[in-house]
Amino acid sequence: MPARRRRRRPARRVGPVTVSRDRGLAEALAEARDLPDGEARFAELERIAGQADATGDPGTGLAARFALIEAYLHHGERWRLLEPVRRCLAAVDRTPGLLAGRPGDAETLRRHQRQAVEAFLGTPRVGLDQARSLLDDLADRIGPDAEPVAELHCRLADHLGDEPTARREHDRWRGAAPDPAGGCPGCVPARRAELLAGWGEHAAALDALRPVLDGEVRCTDQPERALTVALLPWLRTGAADRAGRAHLRAYRRHRRERTAFPQLAAHLRFCALGGHLDRGLDILAEQLPRLDHPYDDLSAMEFAAAGALLCTLATEAGRGGRRLHRPGHGPRPAAEVDVATLGADLLAVATELAGSFDARNGTGHQSGRIASWLADRPLADPVPLPAEDSPDEWPADDPERAEPPAEEPVPLSLALVTAALDRRGDGYAVEPDGTVVGRWGEAVIRYRRLGRRGEILHARVVATRRLPAARRAEAYAFCNAWNHDRLLPKAYVHELDSGELLLAGDVSTDLEHGVAPVQLDVLIDATVGTGVGYAAAVAALP
């Protein structure tokens with residue numbers, strides 16, 4: 001007697017795209033999203049995507065690869081974006097209508113395509129032909145004159161040392177209309193200013209930063225990123241006092257943010273060229289462990305080159321015997337290293353990375369750029385730095401240090417989240433990694449910041465009631481019904497090692513452009529209200 005063919009269930013919406021007709025794949029994807037960051041999560045998402053391809057389920061394949069791309073971005077593995085982005089594009093091309101009626105997902109895919117091209121700039125592990133092919137594909141999809149296309153052509157040419165082409169593309173970029181795929185509009189002035197400063201146009205770089213420094217444009221990285229880009233232009237145009245104030249303000253934030261590692265080279269160069277050698281060595285000693293786990297290869301090269309310059313100038317000034325602690329990493333043991341020796345080590349790191357970029361690019365531009373940094377010498381007599389508690393002259397204060405105006409968007413921070421809970425009068429605890437945990441009735445809710453700059457507010461709701469493993473089908477049916485009938489939180493089932501079933505949910509809100517305290521109050525109220533309702537529904541199950 002032939003076996004009965006199992007009837008497949010209709011698709012359910014889980015995550016950013018419509019997913020599996022196969023309930024097993026849907027469950028696997030939901031569980032993979034809940035795995036800790038790292039290789040195990042990457043491998044499981046890749047497995048699910050591959051299985052979806054093999055069974056002809058493009059929705060699940062797309063959802064799994066979107067989750068994989070976000071995991072790579074969150075974990076600092078941008079160089080791995082190219083392959084999942086390429087496969088997402090191929091799936092959309094093979095399956096007309098896959099993103100029909102879903103402009104948000106189409107925009108997300110364009111943004112990821114831009115990020116994959118940008119990854120080329122940060123590492124020699126992405127091929128030049130691969131980056132150009134992906135950029136040409138983006139131009140075909142959104143137009144050759146679109147803002148992100150012009151920007152990427154400009155930055156790619158600059159990276160290769162083709163300044164005439166980079167300048168032409170810069171003019172085209174500047175005249176293009178803003179595009180959602182172009183990334184954060186608040187960071188555009190800083191990216192343009194970095195290029196102008198690299199071409200020696202320091203006054204033009206400062207003009208490009210004016211919208212940020214005047215408070216007209218803001219985002220979660222500003223104004224600190226803009227202030228960092230302005231450090232050397234201010235030094236080179238005789239405004240050392242402004243550069244000093246900007247350095248103090250920006251480093252207060254950058255010293256502790258993992259994603260701010262690319263900004264540290266500018267702080268070290270400011271200290272070296274502004275005559276603040278002892279402060280620079282203090283910063284180098286404090287930040288040296290981060291060189292073993294850098295944001296990307298480009299930022300590691302620039303940090304090492306800036307550190308080598310600082311050590312060289314300190315040695316010339318008679319500080320070469322000062323010893324700095326360098327922690328162990330891999331086969332390298334922990335040691336107290338003198339400044340002169342450390343400078344030689346950092347120079348070797350920068351030179352090797354620059355050579356890797358140039359070998360990939362077929363030019364000598366990156367090696368020449370690093371050589372020009374090392375040839376720099378102090379620009380003027382040092383101007384004393386202001387006191388750390390001096391008032392700032394820039395619009396938005398450090399988000400961790402002051403309460404912003406209620407209706408003024410500022411970068412998402414731990415302080416904003418706890419302040420919102422304080423205004424509600426709720427009890428909570430803050431874990432060492434910055435996760436905020438509280439309990440409301442039958443719900444335990446954990447708030448944490450995700451994303452490359454901590455710009456995503458993620459709330460995870462866990463119902464205190466557990467169900468036995470024998471009720472798995474019932475638990476999945478409950479979560480499917482919840483996801484079908486309600487928007488928040490996204491519900492799913494997680495099986496514990498004990499065999500019990502944990503019913504959880506999450507809510508993620510992208511706050512890339514900042515959030516006003518009154519808006520955050522609404523978000524916190526909504527997650528608490530919906531989370532409590534979800535946990536109460538779980539508690540009411542028979």
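**Exercise 1. Find out how many disulfides the structure holds, and what surrounds Cys311.**

*Solution.* The structure holds zero disulfides. Take Cys311 as a worked case: its nearest cysteine sulfur belongs to Cys271 and is 12 Å away. A disulfide needs two cysteine sulfur atoms within 2.5 Å, so this pair does not count as one. Keep in mind as you work that this is a predicted model.

Next, look at exposure. Cys311 has a relative accessible area of 1%, so it is buried. Cys479, with a relative accessible area of 3%, is buried as well. The cut-off behind both verdicts is a relative accessible area under 20%.

**Exercise 2. Decide whether the radius of gyration agrees with that of a compact globule.**

*Solution.* Start with the chain length, which is 542 residues. For that length, a compact globule would have a radius of gyration near 24 Å. The protein has 25 Å, which agrees.

Now add the outline: along its principal axes, the C-alpha trace spans about 85 × 55 × 50 Å. Then turn to the interior, where buried residues make up 51% of the 542 residues. Finish with the contacts: among those with a separation of 6 or more, 65% are between residues 24 or more positions apart.

**Exercise 3. Locate two cis peptide bonds and the loops that hold their prolines.**

*Solution.* Begin with the bond joining Gln222 and Pro223, which is cis with omega about 5°. Pro223 sits in the loop that runs between helix 10 (202–213) and helix 11 (224–236).

Move on to Leu488 and Pro489, also joined by a cis peptide bond, here with omega about -15°. Pro489 belongs to the loop between helix 19 (472–485) and strand 9 (490–495). For orientation, the whole protein has 20 helices and ten strands.

**Exercise 4. Is Gly427 buried or exposed, and where does it lie?**

*Solution.* First place the residue: Gly427 is in the loop between helix 18 (414–424) and strand 5 (429–430). Its relative accessible area is 55%, so Gly427 is exposed; the cut-off for that label is over 50%. Finally, compare positions: Gly427 and Ile283 are 144 residues apart along the chain, and their C-alpha atoms are separated by 37 Å.

**Exercise 5. Describe the surface and the charges of the protein.**

*Solution.* The accessible surface comes to about 23,600 Å², and 52% of it belongs to carbon and sulfur atoms. For the charges, count 72 positive and 80 negative side chains. The centres of these two sets lie 6 Å apart.

Definitions and conventions: Residues numbered from 1 in each chain as written. Predicted model: local features only at pLDDT ≥ 70, side-chain atom pairs only at ≥ 80, totals over all residues. Heavy atoms only, no water. Helix = DSSP H or I, 4+ residues; strand = E, 2+ residues; numbered from the N terminus. Rg over C-alpha atoms; globule rule 2.2 N^0.38 Å. Buried < 20%, exposed > 50% of the residue type's maximum accessible area, 1.4 Å probe, protein only. Contact = heavy atoms within 4.5 Å. Areas by Shrake-Rupley, 256 points an atom, 1.4 Å probe, with all protein chains shown as cover. Lys, Arg positive; Asp, Glu negative; His and termini not counted. Charge placed at Lys NZ, Arg CZ, Asp CG, Glu CD.
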